[in-house]
Each structure stands twice: as structure tokens, then as C-alpha cells.
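The following exercises are to be worked with the coordinates at hand. Each task is followed by a solution in steps.

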Amino acid sequence: MLNLYALQIMEGEPVNVNEFQELARQALPKMYYDYYSGGAEDQYTLKENVEAFHRITFRPRILVDVSRINLSTTVLGYKISAPIMVAPSAMHKLAHPEGEIATARAAAVSNTIMVLSSMSSCTIEEVASSCNAIRFFQLYVYKNRDVAAQLVQRAERNGYKAIVLTVDAPMLGRREADIKNKMIVPPLKNIEGLVSTEVDNDEGSILEGFAKGALDASLCWRDIGWLRSITNLPILIKGVLTREDAIKATEVGVAGIVVSNHGARQLDYTPATITVLEEVVHAVGGKVPVFLDGGVRRGTDVFKALALGAQAVLIGRPVVYGLAAKGEYGVRKVIQMLKDELELTMALSGCPSVKDITRSHVRTEHEKIHSML
């Protein structure tokens, strides 16, 4: 029996991003929905990523001319329609038959940047030829370093504009739903013939077994130099949560930092990304742009991240939910909803452009407590 919330959604189009999650749950096999929606262990960080945004409130300015709102911004010199990018997430064909090609087309129509996962269902080349757009490529480094080098060279050859190196996955986090469901590894087209996906793991998640055998747990800071030596593309690192690592990142010459806890899928009880964003921004001191992913479900969340110093946000699960529910149209709709909500938030906060969004436009939980003392 469907609950009342599900029935309300079925009566019409979703009116916000969260409603796409229920549509995705209805559309997907349990194994796949659990894979996309789940987090590590107790899923504390999974909940906290979203709820931490709720504890930040606004300090709106009145009597500002907001008759024209400009959402556009630049990322590494590339102009995008709004500070909302598509985060790398794996295996989109589990969500929809067109997979990453549908996602890429939606991002292109939305005039934003998609970061293609190296664990995508469609190849680097297929996505590049599907539409004309600015795209980045996310990289995992495998035990066989030649595989990573080949992926980077293919991305560069096919017009991708940056490498986003994931640095928080020396091994896969413990995702208990995947263990229970014995999560499979579908064909990973980018590494087909390069890395074996055959895993003998009757005990639990086949995906976890694959990652354990394939990912390079020895990856360390000096390897950023190796990566820089094999590509001319700028390198962003994704998975920074502390001041110390932000400082190191700037020292080794990265072009940008993504504050991320891997969608709460790796180490549970890491802080919500929005709560450590400012720490990273201050540590970097404007040397490189800082981005954020994790928990963004509303245009108000985007505004809060920008106020705390992010250049842009990346959205992961909402894109997959949109894709699962309604294909390319669903992804476009998710991005547009967030843009519309951001535009309204900017107008009601007295910010005609993203440059006008400042730290003084938000109040964090810490500041609220401090003001009461």
C-alpha cells in the first residue's frame, strides 16, 4: 500500500528535488535504489549532510533592486549558467537505459559542467560525442597506474577540461545495504579489458570486492606530482574535509578543491560538508577555488554554500533520482528547480548576482549559540 506522500507525488509533477527521490524509489529495483541512496554504516553522515543545511539561517537585506537576477558564474574560467554542477556518480545505466549520455545532454542544455565518473556505464568517448559541452573527468587511481594514465589521456584527447581526482577512497566504505543486496558490478565501459571486474565474493557486496582488488590504497600526496606530469589539464582534488589537507593541496599545486565526504558513502561520522566548508576556504585563502558537494537539495542550500565561500556546488543523488524517474528530462528538471529556487532566494535576500552573496547573508548554528551567551 502506497503511503500518502507517494500518492501526492503521483498526482502531478514533482514540485521540488526531494520528491524525485520517491519517484526514483518506485522506478528502480531495490538493489539499485539502495546503492544510490545509501551511505556508510550507521548513515549518520548521510542524514547530517542534509540536516546541517537546515541549521543555517538567512540574514536577508531589504530594499535592494532585484528586478534582474544574474545566476551565472565561472569555474576555472568557463562560464556556466548557475553555480550548480553535476557531480561524478557511477553507473547511470542502472538508473536509466541511456545512462550518462542522458545526464550529459541535460547538463549541456542547462549550460553547466558535468563531471563524468571513471566508473560510468558509458565511455569517455561516447559521452564526449553525445553533445557539445564543457565537461570534467573524475579519476580513481587503480593499482595498475597505467590504467589511470590511459583514462587521463583519453579524457584529454576527447576534450574534457579538468581532472577531478577522488582522494577519499583508498578502499570502499562499508555500505551495509550493498552487502545485504550482494551489489553487483555491471560493465564498467571505461576500464573494460584494463581492470578485471570478476570477483569471487559470496559473502556480500561484489562491488566492494572489486574495489578492494582494484583501487590503489598506496596513493599519497607525492602522487599528485605524478598525475600533473602526465597531463596538461588542471587537477582538482575531491574529498578534502580539513584545514590541514586544504593547505597541503595548495602546496602540491592543485587547481581547485572539492569539499566532499563522498556523499557519506565512505567514512561514517565525518562532518557534514557544509559545516567544514568555511574551515577549508579560510585555509586556502583564495589561492584556488573551493567547491562543495553533499546534501544539496534546495536552492537555499546552494545560496548557503556560496555565502560560506564555495565557488559552486555539485549535485549527485538528485541528478540520479531525476534520471531514474524521468530520464534526460528529469535531470534537466532537477537542475532547473535548483536554479529557480536559488534565483528566488537571491531576490528575497537582496542579492542581484552571485557576487553579491556574502558571509553576512547567513548565520550558522555556532553563531546563534554564541549570540545567546
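A polar contact is a pair of N or O atoms within 3.5 Å; within protein, one atom must be able to donate a hydrogen and the other to accept it. The model treated here is predicted.

**Exercise 1. Polar contacts of two loop serines**

Task: Determine where Ser 121 is placed, whether Ser 121 is buried or exposed, and which residue offers its backbone nitrogen to the side chain of Ser 121. Then treat Ser 110 in the corresponding manner, beginning with its place.

Solution.

Step 1. Ser 121 belongs to the loop that runs between strand 5 (114-116) and helix 6 (124-130).

Step 2. The relative accessible area of Ser 121 is 7%. Buried means under 20%, so Ser 121 is buried.

Step 3. A polar atom of the Ser 121 side chain lies 3.1 Å from the backbone nitrogen of His 92.

Step 4. Leaving aside residues up to four places away in sequence, Ser 121 touches Met 91, His 92, Lys 93, Glu 100, Pro 187 and Lys 189.

Step 5. Ser 110 is found in the loop between helix 5 (99-109) and strand 5, and its relative accessibility of 8% makes it count as buried.

Step 6. For Ser 110, a polar atom of the side chain lies 2.7 Å from the backbone oxygen of Ala 106.

Step 7. Ser 110 and Ile 335 are 225 residues apart in sequence, and their C-alpha atoms are 7.2 Å apart in space. Ile 335 is among the residues that Ser 110 touches, together with Ser 81, Arg 332 and Lys 339, not counting residues up to four places away in sequence.

**Exercise 2. Two helices packed on helix 14**

Task: Classify the orientation of helix 2 relative to helix 14 and that of helix 3 relative to helix 14, and describe both contacts by residue class.

Solution.

Step 1. Helix 2 (residues 17-27) packs on helix 14 at an angle of about 170°, and the two axes are 10 Å apart. Helix 2 is therefore roughly antiparallel to helix 14, the cut-off being an angle over 145 degrees.

Step 2. On the side of helix 2, the contact is made by residues including Val 17, Phe 20 and Leu 23, and on the side of helix 14 by residues including Tyr 321, Val 334 and Leu 338. By class, this contact of helix 2 with helix 14 comprises 12 nonpolar, three polar and two charged residues.

Step 3. Val 17, Glu 19, Phe 20, Glu 22, Leu 23 and Ala 24 are the buried residues of helix 2. The N-terminal end of helix 2 is capped by Asn 16, which has a side-chain oxygen 3.1 Å from the backbone nitrogen of Asn 18.

Step 4. For helix 3 (residues 30-37) and helix 14 (residues 317-349), the axes come within 10 Å and cross at roughly 155°. Helix 3 and helix 14 are therefore also roughly antiparallel to each other.

Step 5. Tyr 33, Tyr 36 and Ser 37 of helix 3 meet Arg 317, Val 320 and Tyr 321 of helix 14. The classes in this contact of helix 3 with helix 14 are four nonpolar, one polar and one charged residues.

**Exercise 3. The two sides of helix 10**

Task: Establish which residues of helix 10 are buried, how they are arranged about the axis, and what covers them.

Solution.

Step 1. The buried residues in helix 10 (residues 222-229) include Asp 223, Ile 224 and Leu 227.

Step 2. Viewed down the axis of helix 10, the buried residues fall within an arc of 110°, so they line one face of the helix.

Step 3. The exposed residues Arg 222 and Ser 229 are carried on the face of helix 10 turned away from its buried side.

Step 4. Among the elements that cover the buried residues of helix 10 are strand 6 (135-139), helix 7 (145-157), strand 7 (163-166) and strand 8 (235-240).

**Exercise 4. Positive phi outside glycine**

Task: Find where Gln 43 and Asn 111 are located, and state how accessible Gln 43 and Asn 111 are.

Solution.

Step 1. Gln 43 is not a glycine, yet it has a positive phi of about 60°. Its place is the loop between helix 3 and helix 4, and at 27% relative accessibility Gln 43 counts as partly exposed.

Step 2. Asn 111, likewise not a glycine, has a positive phi of about 55°. Asn 111 lies in the loop between helix 5 and strand 5 and counts as partly exposed at 44% relative accessibility.

Technical notes:
Residues numbered from 1 in each chain as written. Predicted model: local features only at pLDDT ≥ 70, side-chain atom pairs only at ≥ 80, totals over all residues. Heavy atoms only, no water. Axes fitted to C-alpha atoms, helices over the stretch in contact; angles between N-to-C directions. Helix = DSSP H or I, 4+ residues; strand = E, 2+ residues; numbered from the N terminus. Parallel < 35°, antiparallel > 145°, perpendicular 65-115°, else oblique. Contact = heavy atoms within 4.5 Å. Nonpolar A, V, L, I, M, F, W, Y, C, P; charged D, E, K, R; others polar. Buried < 20%, exposed > 50% of the residue type's maximum accessible area, 1.4 Å probe, protein only. Arc of directions from axis to C-beta.
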